[in-house]
Amino acid sequence: MVDDPRVGEGFTRRRVLGTASLLPLAALLPELLAASRAEAAAGSPYRFFTSHQAAVIDAATRRIAPGPEDDLLEAGHPGAHECDVVRYIDTLLSAFDHRVPKLFAGGPWSNRHTKGVNHMKTFVKPDRAQAQAWRKRIKELQRTYRNGVTALDAHAKGDFTKASALQQDRILASSGIAAFTSLLFGHTIEGMYSNPEYGGNKGLAGWKEIGFPGDIQPRGYTTHELQAPEISIIDPTGIVAEVLASFPQIAQAYASGVWRG
Amino acid sequence: MRKAVIAGSGAGASVMALTLAEAGWHVVLLEKGPNYFTGLGEHWPPKTVFSNDNLKANRCFEQPDPDAYPRTFRTSAGQKKGYYVGGVNELPVAVGGGTIHYGAAMPRFWDIDFKQHSMLGPVDGADVADWPFEYADLAPLYDHLERAIGVQGDMSAMPHDPVLKHAPRSRDYPMKSGPQKRASILVSGGARTLGLHPYPFPSAINSEPYNGRPQCNNCGFCNAYGCPTGARGSALDILHRALLTGRVELRPETMVHRVEMKGRRATGLRWVDQHGRRGVEHGDIVILAASGIESARLALMSRLPDPHHRIGKRLMFHYFTSGFGVFLDQRLHAYKSWGAETACMEDFADPDFLGARAFAKAQGLPYIRGGLCEMGGSEDVIPEAQFYQYILGAIQPQQPFGRAFKELMRTSLLRDRLMGIQMLGHDLPYLSNNVTLDPKVRDRHGFPVPRITYAPGKHENVAQEFYIPLITAVMLASGATAAAAVPANTPLMGAGGVIPATRHILGGMQMGTRANTSVVDEWGRMHHTDNVYVADGGVFATSGASNPTLTIMAVVLRMARRLAGTA
């Protein structure tokens, strides 16, 4: 019998066999992890969030980008909830539950402007460097979200979803929560305005709301569409007027890129 | 068969690979990043997974992830601590390099860029120098490359003064100019009423089928996006032909980290791949073409001979001055476009622009130069929203979210009603702007990361002061209700300096005739070596005042033909 050469170099046979038998297991690991998380999120329609976590994130993002159910003045204007921002965030936080992580949607186009296959639905495998960076990033985000929900509940003295809209606004703007609110705002933006393959922008509600056609390949735009005037007169009030009033400072902040974080 | 080993696969690397391979050389390209183009070297155009996807771009799909490949930044060598760790002016890390998502702007440099010291004179505190050749030497190479890659433009619409006077052309572009978009039409009109000379932006974007690639359909996901249809010309046009020779090997996901030396001779490039496998690719010559910053880093990590301490010095990024015009009477839909802007203007790059000499003299400078203005750009949706998040924090900190955010998105002052001008200002070379190895921070393989030390100098600040009112005037003349032009690199609100993000990476491996004041000779060979060449923007002796990709390719083509014996 020929021994495995490694056995003589400090490896016991048991260890060699053990490693070998772990190989198929390792391949199953993402699914197993997902399964164990699914157990934790039992009864939840989400991969990462429990039902309660999802409800808290839904309530908080409704305050950040309110829709018709959240603010009478937003009648007819879908917000975070209508765009399914919670699904977007859950998809990001569980990106590595899939054999090909849901980080980079594919190409060259969806089927929104052509018949046939939606190529964006087939995600692109990250290379090692990207996978390593994102694994670490998402692990940190998962912790931040768990702690963030706990903190929101604590500030609401039990359950954030039971607090009034006014209380929720106060909590989200309070100094102890501000960093989490800022992260949540960033993800709300991504969930509303990114391609729907990432889990949000349900029914393209985010794009429709702002009159943006979104991904347009392989249709593109005609020369006429490039050049046509689009008259749209506004008389600025409220926040828009405020932005115009301090336009030079706003322009300076914009150009400097400091807001990119 | 002679063999060349190249670090990188972008603008410079591709031209070097094709020229050498056509002359019978064996060429191996080692590229740090992945290949997003299936079938390159087999069928054309290759299949791609790039798409109209703002989020994917923001997630560092093709950009180096700052977690895996960080850089560090400080504004001066005196800044001992607290400097920034993260992304600093990176180009894509992927097959094709910067050209896979550049705006494809293809202007030429001017005669005075190559002879800046002798034609414009020295500037106190700056290291102004001449290149070892002149515009006339590059002109036929520009012609050649405009055809090889496919550039649209309209010579008859280009002003003699200052453009054709300083960059004479013997023939028109291989493709006519495509249609102007709304925002570019308006801003060009405004500029003309002030006596300025905007013209259709020369761009490597197909206005008709060219090189086996389709006509552009104006999807607007252009600058900073990979092209989904293949309508954009790039290093891939060159790489594909190189691979078809059968003498070129392209190895993605393989990072070069050392030049192997034996005395003055390089024997090969040492690499590590994504799986941690390591090796050396041996060759008769080695070529660093990983961008100004990364080639300098590689030279420093390899401790290549540098008796006069010139490696990494004279980094130039261009200072960007941004103009914002807002329209309250119309939406400009700037996203419907080929390229980011369909018009440009070079008047402000001219040191003899009306009043510029007098303004410079009053400030104690011999001259000032602004740069090419990209006319009619805007912003993408996700960054627009992120900026509103930021300003809500500043304007209404008691409730920095809510309905006001949605109101801003619907009104879209800073995207759909925005008309942008971006001036790519001329950077003088300063020895104090440079790349060194960071003493502490390491990348994912454990190698020291590039530390960027950079700040605009007096010339850049004075030039912006002069041109800012003019940029504002152009926007108001175009019909904008509100307009503001601002420097992009002024420290703001306690930040230690704005992190450079111009994507124009020039200098660091300067070309020159004298071994004590430059890094490479006029043919790209490092002075103190027999066979180490540099073939990227690093070799630039001056920065010019416009988008540099075509000039990078032309300079490398000049070197490559000499190396191949086909000059």
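I began with B:Thr229 in this predicted model, asking whether that residue is buried or exposed. I counted 20 C-beta neighbours inside 10 Å of B:Thr229, and because a residue with 20 or more such neighbours is taken as buried, B:Thr229 counts as buried.

Next I looked up where B:Thr229 sits along its chain, and I found this residue in the loop between strand 7 (199–200) and helix 8 (235–244) of chain B.

I then asked which residues B:Thr229 is in contact with, leaving aside its neighbours within four places in sequence. From chain A I noted A:Pro108, A:Gln217 and A:Pro218, and from chain B I noted B:Pro214 and B:Asn217.

I also took a distance from B:Thr229 to B:Leu392, which are 163 residues apart in sequence and, from C-alpha to C-alpha, 38 Å apart in space.

Since B:Thr229 had led me to chain A, I turned to the two chains as a whole and recorded that 74 residues of chain A are in contact with 76 residues of chain B. Among the elements that give two or more residues to the side of chain A that touches chain B, I listed helix 2 (51–64), helix 4 (128–155), strand 1 (230–231) and helix 10 (247–256) of chain A. The largest share of that side, nine residues, comes from helix 10 of chain A, and the side's residues divide into 43 nonpolar, 18 polar and 13 charged.

Last, I followed strand 1 of chain A across to chain B, where two bridges join this strand to strand 14 (residues 330–331), the two running antiparallel. For A:Ile231 I wrote down B:Gln330, in strand 14 of chain B, as the bridge partner.

Conventions. Residues are numbered from 1 along each chain as its sequence is written. Chains are lettered from A and ligands numbered from 1 in the order in which they are written. This is a predicted model: local features need pLDDT of at least 70, side-chain atom pairs count only at pLDDT 80 or more; totals for chains, interfaces and linings use all residues. Two residues are in contact if their C-beta atoms, placed from the backbone, lie within 7 Å. Helices (H or I, at least four residues) and strands (E, at least two) are DSSP runs, numbered from the N terminus. Ala, Val, Leu, Ile, Met, Phe, Trp, Tyr, Cys and Pro count as nonpolar, Asp, Glu, Lys and Arg as charged, and the others, Gly among them, as polar. Two strands pair if DSSP finds at least two bridges between them. A residue is buried if 20 or more other C-beta atoms lie within 10 Å of its own, exposed if 12 or fewer, and partly exposed in between; C-beta atoms are placed from the backbone.
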